[in-house]
Amino acid sequence: MSSTFGCPHCGKANPLDATFCASCGTYLKGLETGSLSHPPTPLSPDEEAGHSKAKAEQTAENLARSQPWLRSDFEKADPPAQATPAALDEQPWLRPEEEVQESQTPPKPRPQRLVAGLQGLIEPTDVEHSLFQPDTSGAADSSVADLPYEMRRELRQIFAADVPILDEPTSHTPTSTQPGGHGRGLWRHNWVYGLLLAGILLALWAGNAPANSRPHSWPGVIDAYNAIDSLPADSIVLVNWAYDPTTAGEMDQASLPLMEHLLEKNVRLVVVSQLPGGPATARRLLALARSSASQAALSRQLGESLVEGGYLPGGVGSLALLGQAPSQAIPVDIQGRSVGSRVVLETMEKSAPALLLILAARSEEVQRWLEQIQPIYAAPVVVVSSAAVDPVIRPYVDSGQISGLVSGYAGGIAYRDILADAVPTARQESQRRHITGQNWALAVLLLVIVVGNLAGFVERRET
Amino acid sequence: MLKTHDSITDTHRMFAQRSPWINRIALLIVALTAALILADRLGITPLTRPAANLLYGWALLLSAFTLLLGVASVLWIHLGRIQQGSAEWPLSLLLVVAFVLVLVAGLAIPGGVTSPLLEWTFDAIIAPGQATLFALTGFFIVAAAYRYLRLSRPGGVWILAGAILTLLVQTPLSQQALPVLFVGFADWLLLGPVMAAMRGALLGGALAALFAGIRLFTAPSK
């Protein structure tokens, strides 16, 4: 007998003693009547085993009645017709459309969610209810509620469960409401995996070939270069290192040219990160930049001009403190040495840094700094971001809040091109090969989309 | 009977029966803090600066404490799994052993987190591991694109057109073959309508947060 039971909201299997659903956070305590009103009495091991078994059987029976979609034979029958009256009362979305519209009974209280307002001060947002229950108040009908039953059920699964992207071909039957159905025709795992393998091999092959194509450049790179190039020596640059190894594969490529440029300008860097893995990532890239930058231009040791502020917890609050009292926000550096009295921080408290540099893989990090730090210092902001973040933060470039934007591989290679006149490095060609390989992978993604649509077309013909 | 909402109504009743004075005191503290921070950020008077910085410092400390609390919670759960011999308990044991090793190395070795051993741990284990896990999302994206970016799905034409347009422009091979006008059109779409929609969503989110805050202050105590 299984020691788990399905969540009444999303169907995820949870341990019998779980308080919240591990998938959707639905409150699971009290599913059995009297579980709270009658505290359990101590049982012998045998009694406890028997009790657990009976409890599991009762739970499985109840859930099979209330959640018919969990049964193995559910797909073979019309779900609403199979549901019992008790289950229909409990989960009205199982009712047929006409019955739901005729029902005027007041809605029952919804299960309490893990995230349901500030301890009751705010009414919990019941997304499921608002999306899938027809509006009985006479107001405009929800467009989602008008969707066919099968589509609504699929939407519920998408919202609440782990979507099985590559499930077994025979686990679903194409229906008229799911024209892109899968399980027949060209839908085979091997197609997708084969194309992925081809993409990887193609990228590797193209990566070894000389790069003869250029990425599509977006505005903002030349402005970033000018902002850094115009910095006088010994000026202070406050760096927000908002990426970690997760996204370093892309972010390092975009950030490295800028860090080399900054080191060559002999500016003083104050580096902080609000990610636990950020400081170590910064150390690694700074060492790389130090080794690859033009040695002739490096007139002093990195340690003299670098304050490694390390990990800065506290979210928005600590950013405000960093802006108003840097020595309080960064009392010690990453090695535990006191830096509150360092000249750099004392200078930063008296006069604003000359530049704010944000290296971010998420748009929220950029927005936080623009809201919390930039208004305090009124310094120009240069952002290095991942390509995915670019569309979200580009409006700040247009509004002038961001002086320069370097995003993704394309931005990094464009910056490297500008920098190449002054600093020729062997890394330049390597980066070009890298981006060429990556773009070949994008081409394969296009091919996958085309094949996917062809598969859908064939499946519809077969149906 | 499958279930009742007894426990849920009990929870609601607990909050409903809580003294309204507790809510009012809590709201008063929140309101005073908000007023103090607002006055500080608006620069109304320099007198608020030390108090505001003190509050910011508290927020920083609280955040660091919650991080430690999270670590303790993870350890507690996995120690329990090891003790009970739950499924996949060896993985829990591996987690605990790795935690202890890294913690001892960080505390005992001179140099702390900048010591060569921890830097090697980061460079050779943590960084490749995180990058590898993140790289798996590429497979997810391709598989999802294969299955869901289809013309026959609701709104599929628009989604597919946008995806293909962006990919064609971003891929050097196709970009060089495309007419300049086509690339310019894709750029205009991204920098114009898409940006407008994105900014509208941002503003909408900000307004929603603002009104949620106002509602929090003005809603009658339950």
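**A buried asparagine and the two chains around it**

In this predicted model, Asn53(B) is buried, since its relative accessible area is 7% and the cut-off for that class is under 20%. The residue belongs to helix α3 of chain B, which covers residues 48-84. Once neighbours within four places in sequence are set aside, the contacts of Asn53(B) are Leu321(A), Gln324(A), Ala325(A) and Gln328(A). Two of these partners, Leu321(A) and Gln324(A), appear among the buried residues of helix α11 of chain A.

Helix α11(A) itself spans residues 315-324 and is mostly covered, with 9 of its 10 residues buried. The buried set comprises Gly315(A), Gly317(A), Ser318(A), Leu319(A), Ala320(A), Leu321(A), Leu322(A), Gly323(A) and Gln324(A). A further view of this region comes from Ile376(A), a residue of helix α15 (residues 374-377) of chain A. Not counting residues up to four places away in sequence, Ile376(A) touches Ala320(A), Gly323(A) and Gln324(A), together with Arg41(B) from the other chain. Ile376(A) and Ala320(A) are 56 residues apart along the chain, yet their C-alpha atoms are separated by 8.4 Å. Ile376(A) has a relative accessibility of 29% and therefore counts as partly exposed. Gln324(A) is thus a contact of Ile376(A) and also of Asn53(B).

It is helpful to set the two chains side by side. Chain A contains 18 helices and 8 strands, whereas chain B has 8 helices and 0 strands. Along the sequence, chain B reads α-α-α-α-α-α-α-α. Of the 463 residues in chain A, 50% are buried; for the 222 residues of chain B, the figure is 25%. Among contacts with a separation of 6 or more, residues 24 or more positions apart account for 67% in chain A and for 17% in chain B. The accessible surface of chain A amounts to about 21,300 Å², with 55% belonging to carbon and sulfur atoms. In chain B, about 14,400 Å² is exposed, and carbon and sulfur atoms supply 79% of that area.

Turning to the strands of chain A, 6 of them form an open sheet with parallel pairing, in the order β5-β4-β3-β6-β7-β8. The edges are occupied by β5 (306-311) and β8 (404-407) of chain A; each has a single partner strand, so one side of each is left without a neighbour in the sheet. On average, and with direction ignored, neighbouring strands are turned by 15° against each other.

Within this sheet, strand β3 of chain A (residues 236-242) is mostly covered, as 7 of its 7 residues are buried. Burial extends to both faces of β3(A): one side carries Ile236(A), Leu238(A), Asn240(A) and Ala242(A), and the other carries Val237(A), Val239(A) and Trp241(A). Strand β3(A) is paired with β4(A) in the parallel sense through 5 bridges, and Val237(A) stands opposite Leu269(A) of β4(A). Strand β4 (residues 268-273) of chain A is in turn joined to β5(A) by 5 bridges, again running parallel. In that pairing, Val272(A) faces Gly310(A) of β5(A).

Helices meet the sheet at its β8(A) end. Helix α16 of chain A (residues 390-399) lies across β7 (381-385) and β8 of chain A, and runs at about 165° to β8(A). Helix α17 of chain A (residues 408-419) also packs on the sheet, where it touches β7 and β8 of chain A; its direction makes about 115° with that of β8(A).

Two further helices of chain A make an instructive pair. Helix α9(A), residues 245-264, spans only 25 Å between its end C-alpha atoms, while a straight helix of 20 residues would span 28 Å at 1.5 Å a residue. A kink of about 60° is found in α9(A), centred on Met251(A). The helix is mostly covered, with 17 of its 20 residues buried, and just after α9(A) the residue Asn266(A) adopts a positive phi of about 55°. Helix α10(A), by contrast, has 15 residues (278-292) and reaches 21 Å from its first C-alpha to its last, close to the 21 Å expected at 1.5 Å a residue. Its buried residues are Gly278(A), Pro279(A), Thr281(A), Ala282(A), Leu285(A), Leu286(A), Ala289(A), Arg290(A) and Ser292(A). In an α-helix there are 3.6 residues a turn, so residues three or four places apart point the same way.

Notes:
Residues are numbered from 1 along each chain as its sequence is written. Chains are lettered from A and ligands numbered from 1 in the order in which they are written. This is a predicted model: local features need pLDDT of at least 70, side-chain atom pairs count only at pLDDT 80 or more; totals for chains, interfaces and linings use all residues. Side-chain values use heavy atoms; hydrogens and water are left out. Helices (H or I, at least four residues) and strands (E, at least two) are DSSP runs, numbered from the N terminus. The expected span of a helix is 1.5 Å times one less than its number of residues. Buried means under 20% relative accessible area, exposed over 50%, partly exposed in between (1.4 Å probe, protein chains only). Contact means heavy atoms within 4.5 Å. Accessible areas come from the Shrake-Rupley method with a 1.4 Å probe; for residues, only the protein chains shown count as cover. Two strands pair if DSSP finds at least two bridges between them. Axes are lines fitted to C-alpha atoms, for helices over the stretch in contact, and angles run from 0 to 180 degrees between N-to-C directions. The bend at a residue is the angle between axes fitted to the seven residues ending there and the seven starting there.
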